[in-house]
Amino acid sequence: MRLRVEFTTEPFDLDEAPPHAVVAREVVQGAALDAVDVGPFGNTAEGGAEAVLAAVDELVRESLRAGATRVSLQINVVPEDGS
């Protein structure tokens, strides 16, 4: 099974990425995921279920340790045909 996670961390800072956002990006970029897209207001990552779930666990824990007051995420099953 393949999964796609979309996530944001808060509080936002429009001038520069806060430490919790940097940590979250580093986690997904360093994970064994197939596709990662990071942006100023939302991030997505995709891969096998176990890799995505492991990354989500680390992302939540490390973002909170780095000062996040909220981590919002949505996980979707990616259809086998990729759409």
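Which residues form a nonpolar patch on the surface? Keep that in mind as you go through the close-ups below, and remember that this is a predicted model.

**View 1. Phe12, Leu14 and Phe41 make up a nonpolar surface patch.** Together these three residues offer about 390 Å² of accessible area. Two of them come from one loop: Phe12 sits between β1 and α1, and Leu14 lies in the loop that runs from β1 (2–10) to α1 (19–30). Leu14 is exposed, at a relative accessible area of 69%. Phe12 reaches 48% relative accessibility, so it counts as partly exposed, given that exposed means over 50%. Phe41 joins in from elsewhere in the chain: Phe12 and Phe41 are 29 residues apart in sequence, yet their C-alpha atoms are separated by 8.4 Å.

**View 2. Helix α1 has a buried side and an exposed side.** Start with the length of the helix. Twelve residues at 1.5 Å each should give α1 a span of 16 Å, and its end C-alpha atoms are indeed 16 Å apart. Now for what is tucked away: His20, Ala21, Ala24, Val27 and Val28 are the buried residues here. Looking down the axis of α1, you'd find them within an arc of 125°, so they line one face of the helix. What do the buried residues of α1 pack against? Their neighbours are β1, β2 (35–38), β3 (43–48) and α2 (49–65). Over on the other side of α1, Pro19, Glu26, Gln29 and Gly30 are exposed.

**View 3. Ser63 is a buried residue of helix α2.** Is Ser63 buried or exposed? With a relative accessible area of 0%, Ser63 is buried, since the cut-off for that word is under 20%. Leaving aside residues up to four places away in sequence, Ser63 touches Thr9, His20, Val23, Ala24, Ala68 and Val71. Two names in that list, His20 and Ala24, also turn up among the buried residues of α1 in the previous view.

**View 4. Glu46 forms salt bridges with both Arg2 and Arg4.** In the Glu46–Arg2 pair, the closest N and O atoms are 2.8 Å apart. This pair links distant parts of the chain, with Glu46 in strand β3 and Arg2 in strand β1, 44 residues away. The side chains of Glu46 and Arg4 meet too, at 3.0 Å from N to O. Arg4 is also in strand β1, so this second pair ties together parts that are 42 residues apart in sequence. How covered are the partners? Glu46 has 16% relative accessibility and counts as buried. Arg2 is partly exposed at 27%, and Arg4 is partly exposed with a relative accessible area of 27%.

**View 5. Glu62 and Arg65 form a salt bridge within helix α2.** Here the closest N and O atoms are 2.4 Å apart. Why are Glu62 and Arg65 separated by about one helical turn? Because they are three residues apart in helix α2. Glu62 is partly exposed, at 28% relative accessibility, while Arg65 counts as exposed at 61%. Back at the pairs of View 4, salt bridges that share partners join Arg2, Arg4, Asp34 and Glu46 into one network. Over the model, the count of salt bridges comes to five.

Notes: Residues numbered from 1 in each chain as written. Predicted model: local features only at pLDDT ≥ 70, side-chain atom pairs only at ≥ 80, totals over all residues. Heavy atoms only, no water. Patch = residues over 30% accessible without salt bridge, like charges linked within 9 Å, V, L, I, M, F, W, Y side chains within 5 Å. Areas by Shrake-Rupley, 256 points an atom, 1.4 Å probe, with all protein chains shown as cover. Helix = DSSP H or I, 4+ residues; strand = E, 2+ residues; numbered from the N terminus. Buried < 20%, exposed > 50% of the residue type's maximum accessible area, 1.4 Å probe, protein only. Expected span 1.5 Å × (residues − 1). Arc of directions from axis to C-beta. Contact = heavy atoms within 4.5 Å.
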